[in-house]
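Visitor: I have the sequence and the model open side by side. Please pick one spot and give me a close look at it, with its surroundings.

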Amino acid sequence: MPPKSSAAAPPHVKTMNEQPPTLSINGTPYQGPPGLSLAEVLRHVGIDPAQPGIAVAVDGRVVPRARWTETRMEAPAEIEVLTAAQGG
């Protein structure tokens, strides 16, 4: 019997447990149409991009609201949506 190879699979070969890259929103996987803008992704998950008091970070970097419509989302990416709340 030939010895087992310890070499990894070439990068173009998928392994059985490999998952396609995804977007995640606040830690929840999101699979939607490719090439959406950040504003469109927010709408797809029920968040109104015009709502005041929302901040969004993509891969740890805050995206200014003025750039939400021009920022195209490509997987893999982690989106964090933060909502301001008043307290007392």
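Guide: What follows is a close look at Asp-59 and the strands around it.

A quick word on the ground rules. This is a predicted model, so to speak of a local feature takes a pLDDT of at least 70 and side-chain atom pairs count only at pLDDT 80 or more, while totals for chains, interfaces and linings use all residues. Numbering starts from 1 along each chain as its sequence is written, and side-chain values use heavy atoms, with hydrogens and water left out.

Let's get our bearings. The chain holds 1 helix and 5 strands, where these are DSSP runs numbered from the N terminus (helices are H or I, at least four residues; strands are E, at least two). Read from the N terminus, the order is β-β-α-β-β-β. Of the 88 residues in the chain, 26% are buried; that term means under 20% relative accessible area, with exposed being over 50% and partly exposed in between (1.4 Å probe, protein chains only). Among the contacts with a separation of 6 or more, 52% link residues 24 or more positions apart, a contact being heavy atoms within 4.5 Å.

Now to the spot itself. Asp-59 sits in the loop between strand E3 (54–58) and strand E4 (61–62). This is a hairpin with 2 residues between its strands. The backbone of Asp-59 is the curious bit: its phi is near 50 degrees, a positive value in a residue that isn't glycine. Most residues other than glycine have a negative phi. Asp-59 is partly exposed, with a relative accessible area of 49%.

What does Asp-59 touch? Leaving out residues up to four places away in sequence, Asp-59 is in contact with Pro-76, Ala-77 and Glu-78. Glu-80 is worth a look too: it lies 21 residues from Asp-59 along the chain, with 8.0 Å between their C-alpha atoms.

One of those neighbours has a backbone quirk of its own. Pro-76 is in the loop between E4 and E5, and a cis peptide bond joins it to Ala-75, with omega at about -5 degrees. Most peptide bonds, by contrast, are trans.

Step back from the turn to the strands that flank it. E3 and E4 run antiparallel and are joined by 2 bridges; strands are said to pair if DSSP finds at least two bridges between them. Val-58 stands opposite Arg-61 in E4, and Ala-57 has Val-62 of E4 as its bridge partner. E3 is mostly covered, since 4 of its 5 residues are buried.

E3 also has E5 to pair with: these two are antiparallel over 5 bridges. Val-58 turns up again here, with Ile-79 of E5 as its bridge partner. Elsewhere in this pairing, Ile-54 stands opposite Thr-83 in E5.

Cross E5 and you come to another pairing, this one in the parallel sense: strand E1 (residues 23–25) and strand E5 (residues 77–83) are joined over 3 bridges. Ile-79 is a handy landmark, as it stands opposite Ile-25 and is the bridge partner of Val-58 as well.

Put together, the 5 strands form an open sheet in the order E2-E1-E5-E3-E4, with mixed pairing. Its edge strands are strand E2 (28–30) and E4, each of which pairs on one side only. As for what holds such an arrangement, strands of a sheet pair through backbone hydrogen bonds, either parallel or antiparallel.

Ser-24 shows how E1 fits in. It belongs to strand E1 and is buried, with a relative accessible area of 14%. Beyond residues up to four places away in sequence, Ser-24 touches Pro-29, Tyr-30, Ala-77, Glu-78 and Ile-79. Ala-77 and Glu-78 are familiar by now, being among the residues that Asp-59 touches.

One last stop, for an echo of where we began. Asn-26 is in the loop between E1 and E2, and although it is not a glycine, it has a positive phi of about 50 degrees. Asn-26 is partly exposed, at a relative accessible area of 41%. So when you turn the model around, follow the sheet order E2-E1-E5-E3-E4 and you'll find Asp-59 in the loop between E3 and E4.
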